[in-house]
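Load the model in your viewer and keep the sequence panel open. The stops below go from one selection to the next.

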Amino acid sequence: MKVLWLFAHPDRRSLSGSLMTEGLRTLDAHGHRHRVSDLYAMKWNPVVDAADYAHDPADRLLVGEASERAYHRGHLAPDIRAEQEKLTWADTVIVQFPLWWYGMPALLKGWFDRVFVKGFAFGLTDPATGRPRRYGDGKLTGKRAMVITTAGARAATLGPRGVNGDLNDLLFPLQHGTLWYTGISVVPPLLIPSADRATPTAYATAATRLRDRLLTLPTTPPLPFRHQNGPDYDADLLLHPTPTRPQGPAAHYTAPPPPAHP
């Protein structure tokens, strides 16, 4: 594997930092190559602005148009181009972060906002059909990703009946709406629960789970998200005109019917 390890934690001495060190050691020991984007150490700028695209700030900034134009003309900011080069090189992406307020740290969200620009990660069209290439069909198709997240909550509270909600539901915007949207296959996430109360024994268990997941990652079946341009997607639209959310952990969710007329 050629792995881009995307890390978003402010302290490398944390449990998260120790797990990343163990993960990179495991990749090295088994002949895999890796590159690391440690966003806090890099002092990554998460804010989208006109300077990212060499755009005149006196003109209105339409982010999609400006980013696509800058990407094709080679005018993107150097830090964005560097991250895109890493992502192009990699066939596997590890996205590691602590679960803060039911989501990823703002710094990591800003990485996706700035790096996944139109023309590079989305906005492509199938020349044969004229349809947009997204949800499993895009420029990043063929890559796979795994989310590693630490949480202070206990594992049971992040399960299907947990008070915090199911982890896959919490990660749906990232796993489905960002990674799968751009064509990246997503394997089930690795949760390290009770992270703020981890004992040496708990760390050893987490490190073992991490090593096992990394070594089996190339053959791990991805989450069963549907391809937008696949026949199952089109059939679903015909059979179920009511909006549904058939993918992943919410497979049995169906939008409620409209209220009856009085």
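**Stop 1: the first strand and its partners**

Select K2 and R33: K2 stands opposite R33, which lies in β2. Two strands count as paired if DSSP finds at least two bridges between them. Helices and strands here are DSSP runs, H or I over at least four residues for helices and E over at least two for strands, numbered from the N terminus.

This is a predicted model, in which local features need pLDDT of at least 70 and side-chain atom pairs count only at pLDDT 80 or more, while totals for chains, interfaces and linings use all residues. Residues are numbered from 1 along each chain as its sequence is written, and side-chain values use heavy atoms, with hydrogens and water left out.

Now select all of β1, residues 2–7. Of its 6 residues, 5 are buried, so the strand is mostly covered; buried means under 20% relative accessible area, exposed over 50%, and partly exposed in between, with a 1.4 Å probe and protein chains only. Add β2, residues 33–38: the two strands run parallel and are joined by 6 bridges. V3 of β1 faces H34 in β2. To get from β1 to β2 the chain passes through helix α1, residues 15–29, in a right-handed β-α-β crossover. Right-handed means that, with the strands pointing away from the viewer, the path from the first strand over the helix to the second runs clockwise.

Next add β3, residues 92–98, which pairs with β1 in the parallel sense over 5 bridges. Here the bridge partner of V3 is T92.

**Stop 2: along and after α1**

Select E22 in helix α1. Is E22 buried or exposed? At 11% relative accessibility, E22 counts as buried. Leaving aside neighbours within four places in sequence, E22 is in contact with Y203, A207 and R211, where contact means heavy atoms within 4.5 Å. E22 and R211 are 189 residues apart in sequence, yet their C-alpha atoms are 7.8 Å apart.

Move on to H32, in the loop between α1 and β2. Its relative accessibility is 19%, so H32 counts as buried. Not counting residues up to four places away in sequence, H32 touches M1 and L27.

**Stop 3: α4 against α5**

Select α4 (residues 78–89) and α5 (residues 106–115), which pack at an angle of about 90 degrees with their axes 10 Å apart. The two helices are therefore roughly perpendicular to each other. On the α4 side the contact is made by D79, I80, E83 and Q84, and on the α5 side by W111, R114 and V115. Axes are lines fitted to C-alpha atoms, for helices over the stretch in contact, and angles run from 0 to 180 degrees between N-to-C directions. Angles under 35 degrees count as roughly parallel, over 145 as roughly antiparallel, 65 to 115 as roughly perpendicular and the rest as oblique.

Keep α5 selected. Because 7 of its 10 residues are buried, α5 is largely enclosed by the rest of the structure. The buried residues are L107, L108, G110, W111, F112, R114 and V115. Their cover includes β1, α2 (39–42), α4, β3 and α7 (172–180).

**Stop 4: the whole protein**

Clear the selection. The protein has 9 helices and 6 strands, and buried residues make up 44% of its 262 residues. Among contacts with a separation of 6 or more, 74% join residues 24 or more positions apart.
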